[in-house]
Amino acid sequence: MSVGGASAPRLTAKGQATRRRIVEGAAEEIRERGIAGTTLDDIRARTATSKSQIFHYFPGGKEELLLAVAAREAERVIEDQEPHLSDLGTWSAWQGWRDAVVARYKRQGVNCPLGVLITELGRATPAAQALTSQLIGQWQAALRTGIRRLQDNGEVDRQLDADRTAAALVAAVQGGVTILMSTGELTHLEAALDTTLALLQTAAPATR
């Protein structure tokens, strides 16, 4: 996932691997310690890199590194929904996707690394907004494709607005996750998903 802002110089395959190792190591440190508890020395130790290497791959400093970590966490949001998200052509696949989403956020609990990173970067900054918009756009597009597959299979009325319905599903998940982060309860996330999917199932064609 590529977002706007400072970028690393053109890299060799070895350089790309080193940069990726730094991002993955920083992500793990932040997951374990939080942003406030993670230092550059922690990241260097975990990734076996020097300070000069970190600034070589992230010339924009801490903000650029955090943005790269946030982008990786955004990728994980999508990855954790696979293989279901890419194969939403049947109701059983949609149920599998629903269960994968609930399981992901049950594992995550009240701590959201991506949310913390976006807050640290500043939610109103262009880079943070671009990253969030890209994640939501990618997620919504995959759900829209799944709804259209149901329409092509004759499971859902073609008059249903697939894009708005996909947007509602993303909003249902994000609303439920926001409450989870505040209360530690999965109930609202499950209710939002189950209700939205039940409504999707009622949008069957008038004639088969």
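**Reading helices and salt bridges**

Author: Let's start with one residue: Arg 98 is buried, with a relative accessible area of 12%. Keep in mind that the model in front of you is predicted.

Reader: How do I turn a percentage into a word? For instance, is Asp 194 buried or partly exposed?

Author: You compare the percentage with a cut-off: under 20% is buried, and over 50% is exposed. Asp 194 comes out at 36% relative accessibility, so it counts as partly exposed. Arg 98, at 12%, falls on the buried side.

Reader: Okay, and which residue forms a salt bridge with Asp 194?

Author: For a salt bridge, look for a side-chain nitrogen of Lys or Arg within 4 Å of a carboxyl oxygen of Asp or Glu. Here Asp 194 pairs with Arg 98, and their closest N and O atoms are 2.8 Å apart. Asp 194 sits in helix 9 (residues 187-201) and Arg 98 in helix 5 (residues 91-108), so this pair ties together parts that lie 96 residues apart in sequence.

Reader: What about a pair like Asp 41 and Arg 44, how far apart are they in the helix?

Author: Check the numbering, then check the helix. Asp 41 and Arg 44 are 3 residues apart in helix 2 (residues 40-47), which means about one helical turn separates them. They form a salt bridge too, with the closest N and O atoms 2.8 Å apart. Arg 44 is partly exposed, its relative accessible area being 29%.

Reader: How many salt bridges does the structure hold?

Author: There are 20 of them. Try Glu 73 and Arg 31, whose side chains meet at 2.7 Å, N to O. This pair links distant parts of the chain, with Glu 73 in helix 4 (residues 62-79) and Arg 31 in helix 1 (residues 13-33), 42 residues apart. Look at the accessibility of each partner as well: Glu 73 counts as buried at 2%, while Arg 31 counts as partly exposed at 39%.

Reader: Which residues are linked in a network of salt bridges?

Author: To find a network, follow the bridges from one residue to the next. In this model Glu 24, Glu 28, Arg 31, Arg 72, Glu 73, Glu 75, Arg 76 and Glu 79 are linked that way. Pick out Arg 72, which is found in helix 4. With 15% relative accessibility, Arg 72 counts as buried. Setting aside residues up to four places away in sequence, Arg 72 touches Val 23, Glu 24 and Glu 79.

Reader: Helix 4 keeps coming up! How many residues of helix 4 are buried?

Author: Count the buried residues against the total. In helix 4, 14 of the 18 residues are buried, so the helix is largely enclosed by the rest of the structure. You can check its length as well: at 1.5 Å a residue the 18 residues should span 26 Å, and the end C-alpha atoms are 25 Å apart, which agrees.

Reader: Which residues is Val 69 in contact with, leaving aside its neighbours within four places in sequence?

Author: For contacts, look past the sequence neighbours. Val 69 has its place in helix 4, and at 1% relative accessibility it counts as buried. Its contacts are Val 23, Ala 26, Ala 27, Ile 30 and Leu 117. Now turn to Ala 27, which lies in helix 1. Ala 27 is buried too, with a relative accessible area of 1%. Beyond its neighbours within four places, Ala 27 is in contact with Val 69, Glu 73 and Arg 76.

Reader: Last one: how do I read a pair of helices? At roughly what angle do the axes of helix 6 and helix 7 cross?

Author: Compare the directions of the two axes. Helix 6 (residues 113-121) and helix 7 (residues 126-152) have axes that come within 9 Å and cross at roughly 150°. An angle over 145 degrees counts as roughly antiparallel, and that makes helix 6 roughly antiparallel to helix 7. Then ask what meets what: Leu 114, Ile 118 and Leu 121 in helix 6 meet Ala 128, Leu 131, Thr 132 and Leu 135 in helix 7. These contact residues divide into 6 nonpolar, 1 polar and no charged.

Reader: And which helices do the buried residues of helix 6 pack against?

Author: They pack against helix 1, helix 4, helix 5 and helix 7. The buried residues themselves are Pro 113, Leu 114, Gly 115, Leu 117, Ile 118 and Leu 121. Just after the helix, look for Gly 122, whose phi is positive, near 100°.

Conventions. Residues are numbered from 1 along each chain as its sequence is written. This is a predicted model: local features need pLDDT of at least 70, side-chain atom pairs count only at pLDDT 80 or more; totals for chains, interfaces and linings use all residues. Side-chain values use heavy atoms; hydrogens and water are left out. Helices (H or I, at least four residues) and strands (E, at least two) are DSSP runs, numbered from the N terminus. Buried means under 20% relative accessible area, exposed over 50%, partly exposed in between (1.4 Å probe, protein chains only). Axes are lines fitted to C-alpha atoms, for helices over the stretch in contact, and angles run from 0 to 180 degrees between N-to-C directions. Angles under 35 degrees count as roughly parallel, over 145 as roughly antiparallel, 65 to 115 as roughly perpendicular and the rest as oblique. Contact means heavy atoms within 4.5 Å. Ala, Val, Leu, Ile, Met, Phe, Trp, Tyr, Cys and Pro count as nonpolar, Asp, Glu, Lys and Arg as charged, and the others, Gly among them, as polar. The expected span of a helix is 1.5 Å times one less than its number of residues.
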